[in-house]
Amino acid sequence: MSNIELGTSRLFDARDSLYKRERRSPLNICLNIIIVLFCVILVLELSFNVLFTGIYVIDKSMTPTLIGAQNASSSGGEFIYIDKYAKPNYGDIVVVYRETENGTKGNIIKRVVAFGGDKVELIEGVLIVNDKVVEEYYLDDNYNSKENDCNTFNEYVVKEGCMFLLGDNRNVSSDSRQNGDYPVENLVGVVPKWSMQIKPLTTKFYTFFNFTLWGK
């Protein structure tokens with residue numbers, strides 16, 4: 001055997017030996033698995049954040065459907081996700097950007113009950129849209145008293161390109177009854193059903209990290 005053939009043979013033997021050691025190393029296998037999992041989680045996290053964003057509920061306007069904190073710095077509110085690209089439908093809970101006449105800016109969370117061209121009316125807490133009574137299964141009579149004057153609202157036609165929004169806590173909610181229509185273009189996102197289903201878990205997670213762990 002020539003020197004060249006001998007050198008080549010030793011090189012292949014060394015490479016095969018190294019490959020076998022690497023292949024059999026539990027540490028190497030674990031590291032590869034961890035790297036792959038990290039990359040998968042990172043991609044999923046980035047993709048999720050593109051489509052969805054988290055919202056901490058403040059105020060009592062959506063009680064009892066959503067429990068809100070007194071303000072952003074206090075605990076007690078629920079944490080949900082909104083779909084930033086979903087189109088709203090009747091009965092959906094939405095987050096809308098609002099700028100008031102006094103210059104106050106911020107997001108509000110309400111429920112869509114009507115769209116542009118719809119006729120809306122409230123009679124002692126009963127919602128009527130386009131002359132049809134809407135069965136609002138999500139309401140609680142304790143938060144929608146028929147004796148409360150604000151729960152009677154004369155017939156109104158929603159402007160085109162707008163939404164008529166109401167809070168589930170009709171007794172105290174400041175919504176389209178006082179503020180008028182909300183442009184669809186101001187929509188921040190729609191609360192998907194799965195977000196409502198997992199809100200006990202997401203709320204505990206958010207509360208732990210923001211108020212318990214970090215002491216916000």
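How much area does the chain expose, and what share of it do carbon and sulfur atoms supply?

1. Let's start with that one. The chain exposes about 13,900 Å², and 58% of this comes from carbon and sulfur atoms. Keep in mind as you read that the model is predicted.

2. Now the overall picture. The chain has 216 residues, and 33% of them count as buried. Along the chain you'll find five helices and 11 strands. If you take the contacts with a separation of 6 or more, 61% of them are between residues 24 or more positions apart.

3. Have a look at the open sheet next. Four strands make it up, in the order 7-6-5-8, with antiparallel pairing. Its edge strands are strand 7 (132-133) and strand 8 (153-157), and each of these pairs on one side only.

4. Zoom in on one pair from that sheet. Strand 6 (residues 126-129) and strand 7 run antiparallel and are joined by two bridges. Here you can spot valine 129 standing opposite lysine 132, which belongs to strand 7.

5. Last stop: aspartate 59. You'll find this residue in the loop between strand 1 (52-56) and strand 2 (79-83). Is aspartate 59 buried or exposed? Aspartate 59 counts as partly exposed because its relative accessible area is 46%, and that class sits between the buried limit of under 20% and the exposed limit of over 50%.

6. And what does aspartate 59 touch, leaving out residues up to four places away in sequence? Gly68 and Ala69. Glycine 77 is 18 residues from aspartate 59 in sequence, and the two are 8.3 Å apart in space, C-alpha to C-alpha.

Technical notes. Residues are numbered from 1 along each chain as its sequence is written. This is a predicted model: local features need pLDDT of at least 70, side-chain atom pairs count only at pLDDT 80 or more; totals for chains, interfaces and linings use all residues. Side-chain values use heavy atoms; hydrogens and water are left out. Buried means under 20% relative accessible area, exposed over 50%, partly exposed in between (1.4 Å probe, protein chains only). Contact means heavy atoms within 4.5 Å. Accessible areas come from the Shrake-Rupley method with a 1.4 Å probe; for residues, only the protein chains shown count as cover. Two strands pair if DSSP finds at least two bridges between them.
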